[in-house]
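Me: Could you take a close look at one strand in this predicted model and walk me through its surroundings? I'd like the empty spaces and the charged pairs, plus a word on how far to trust it all.

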Amino acid sequence: MYGTTHGRKRAGVLAASLSGLLLAALPAQPAHAATTPVNTGFESGSTGWSTYSATGQNSASFTEAGGRSGTTRLSHWSASAYKVETYQYLTGLADGTYTLSAWVRSSGGQNSAYIALRNCGGAEQRTDLPPTPNGAWIRLVTSVKVTGGGCTLSLNSDAHAGEWANFDDIALTRGATGLTVKGGDLSTLPKNEAHGAVYRGANGTAGDAMGLLRSAGMNYVRLKVWVNPADGYNDKAHVLAMAKRAKALGMKTLIDFHYSDSWADPGKQYKPAAWAGHGYTQLRDDVYRHTYDVLNALKAQGTTADMVQIGNELNAGMLWPEGSTDHWSQLAGLLTSGANAAKAVSSTTKVALHLAKGGDKAGTRWWFDNAVAHHVPFDVVALSYYGYWHGPLSDLQANLDDAAARYGKPVLVAETAYAHTLADADGLENNVATADQLVSGYPATPAGQAANLRDVLNVVEAVPGGRGLGAVYWEPAWTAVSGSGWDPADPSSKNAWENQALFGYDQRLLPAANWFSHR
């Protein structure tokens, strides 16, 4: 999906071996190879493109009406199971890194469906097609380092009867893609550990959850900060300790200020008890002092925050009522106080503003237009995206692309997750508990969870101009253990999230974690 050469995740050993056999069986590349791709919108039918089917089904690749732009698209489909590749070989390329982009749609369900760059002087790089049952087009990218001047643009399907894929508006450009942030919110990990949680690698060997996730490729740890929580967790002391653990593993930190004693989200933005009687002027000072205190303590122990959220899921503002979006000038003042405190501690710490509006372009525009109009300083647009709440991937892509272009800032999916099962492990109904809550094309299985995370990451990576920073998986280690529930004021509360963790009910790391890996 991405990596040190900004390519895609390497397939397993068996898949790689099969791929090698398939490629070895391909016919010789056409002699009319060119330096730049031709007929990239398929307006001239299949001119310039070649087809190969290991199962003798070349007819499964064809052009037809219904392009994303123009009138024509490439389609892969057959009434029987099929394998087909549509490809174009380029030669005479200057050595360097190139990015293939394509607009795609897919029924989902295939054994594999992907765009790829191969025969480029190194390992094949690929990006999988997401299911798009709503019929919306999605832009995907994949990159490769070309050596030797040749490279094949490849569009592939290995599908069951009736499954389809569409491709259009292919482009090959100089430059690389990739993700900087491959993170996890591990805020609840200390409480889980204190109540006896055990974590295991995929092979069953017990280990440290943060270390296991780091080995899988996770490179950022997100940590929420509450002011004076009833259970003593997610406070300054625990954040400092977790930041040390992350630093020791070579991981970066994103510090998430809630400015509350408990959960702050679109429906709850309550003042901490210590600030309950404070008006707007005092609250500005409170925000500055609290933010500076935590971040300066992190800096003093050698774990300066790499990024900071000033507030959490700020759809309706924070520190109600003074900081409500009904009072935008006051909300702006509070946000500016927090941002100024972060920069006073470290000018290199990135300031993110965070909404729970992953698929809501209009709502994101409204909020950030107000922030800009009120001169709130920020470096990153951060959005929560849960497909079962925030709409299809096409809506996420439209919002990320628009925000990156409109505000000239990098964008981050600061929260995402998906279920690996609908079973319950602790007696409290989970946030995602029934089949009708699931996103079409992504079953509540380990494979469905992995595909969902893969596709979210691929959409972020495709944001133009390299402005897609990455994504943070929310609470991958919050498994079901007695005592580590959602309510800091109620020790008997339970967890409604365990079926979306990246550790299964057998305590083992799930396949989705591997999508943070890179080569």
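**One strand and its surroundings**

Reply: β14 and α8 (387-390) each supply at least two residues of the lining of the second largest pocket. Helices (H or I, at least four residues) and strands (E, at least two) are DSSP runs, numbered from the N terminus. Before going further: this is a predicted model, with residues numbered from 1 along each chain as its sequence is written. Local features need pLDDT of at least 70 and side-chain atom pairs 80 or more, totals for chains, interfaces and linings use all residues, and side-chain values use heavy atoms without hydrogens or water.

Let's stay with that pocket. A pocket is an open set of points on a 1 Å grid over the protein atoms alone, with protein on both sides within 12 Å along at least five of seven lines; in a cavity a 1.4 Å probe fits but cannot get out, and lining residues have an atom within 4 Å of a point. Volumes are the space filled by probe spheres on points joined across faces, edges and corners. The second largest pocket holds about 500 Å³. It has 24 lining residues, and Trp-263, Asp-265, Asn-431, Trp-474 and Trp-497 are the closest to its centre. By class, that lining is eleven nonpolar, five polar and eight charged residues. (Ala, Val, Leu, Ile, Met, Phe, Trp, Tyr, Cys and Pro are nonpolar, Asp, Glu, Lys and Arg charged, and the others, Gly among them, polar.)

Now for the closed spaces. Across the whole structure, the search turns up two cavities of 30 Å³ or more. The second largest one has a volume of about 40 Å³, and its lining consists of Ser-187, Pro-190, Leu-223, Lys-224, Asn-234, His-238, Val-239 and Met-242. Two elements, β14 (220-225) and α4 (236-248), give two or more residues each to that lining. α4 contributes the most, with three residues. Sorted by class, you get four nonpolar residues, three polar and one charged.

The largest cavity comes in at about 60 Å³. Around it you'll find Thr-188, Lys-191, Lys-224, Trp-226, Asp-231, Asn-234, Trp-263, Trp-478, Gly-485, Trp-486 and Pro-488. That makes five nonpolar, three polar and three charged residues. Lys-224 and Asn-234 turn up in the linings of both cavities, while Trp-263 lines the largest cavity and is also among the residues closest to the centre of the second largest pocket.

On to the charged pairs. There are 21 salt bridges in total, counting a side-chain nitrogen of Lys or Arg within 4 Å of a carboxyl oxygen of Asp or Glu. The one to start with is Arg-222 with Asp-185, at 2.7 Å from N to O. Arg-222 belongs to strand β14 and Asp-185 to strand β11 (residues 181-185), so to speak two distant parts of the chain, 37 residues apart. Both Arg-222 and Asp-185 are buried (buried is under 20% relative accessible area, exposed over 50%, partly exposed in between, with a 1.4 Å probe and protein chains only).

Arg-222 has another partner: its side chain also meets that of Asp-256 in a salt bridge, 3.0 Å from N to O. Here the link runs from strand β14 to strand β15 (residues 252-257), where Asp-256 sits, 34 residues away from Arg-222. Asp-256 is buried, like Arg-222. Through shared partners, Asp-185, Arg-222, Asp-256 and Glu-415 join into one network.

α4, met above at the cavity, has a salt bridge too: Arg-245 pairs with Asp-208, with the closest N and O atoms 2.5 Å apart. Since Arg-245 lies in helix α4 and Asp-208 in the loop between β13 (206-207) and α3 (209-216), the pair ties together parts 37 residues apart in sequence. Arg-245 is partly exposed, at 26% relative accessible area, and Asp-208 is partly exposed as well, at 32%.

How far can you trust this? Mean pLDDT (the predictor's confidence in each residue, from 0 to 100) is 93 for the protein chain, and 93% of the residues score at least 70. Confidence is highest in β15, at 99, and lowest in helix α1 (residues 13-25), at a mean of 36. Where pLDDT is low, the predicted coordinates should not be read in detail.
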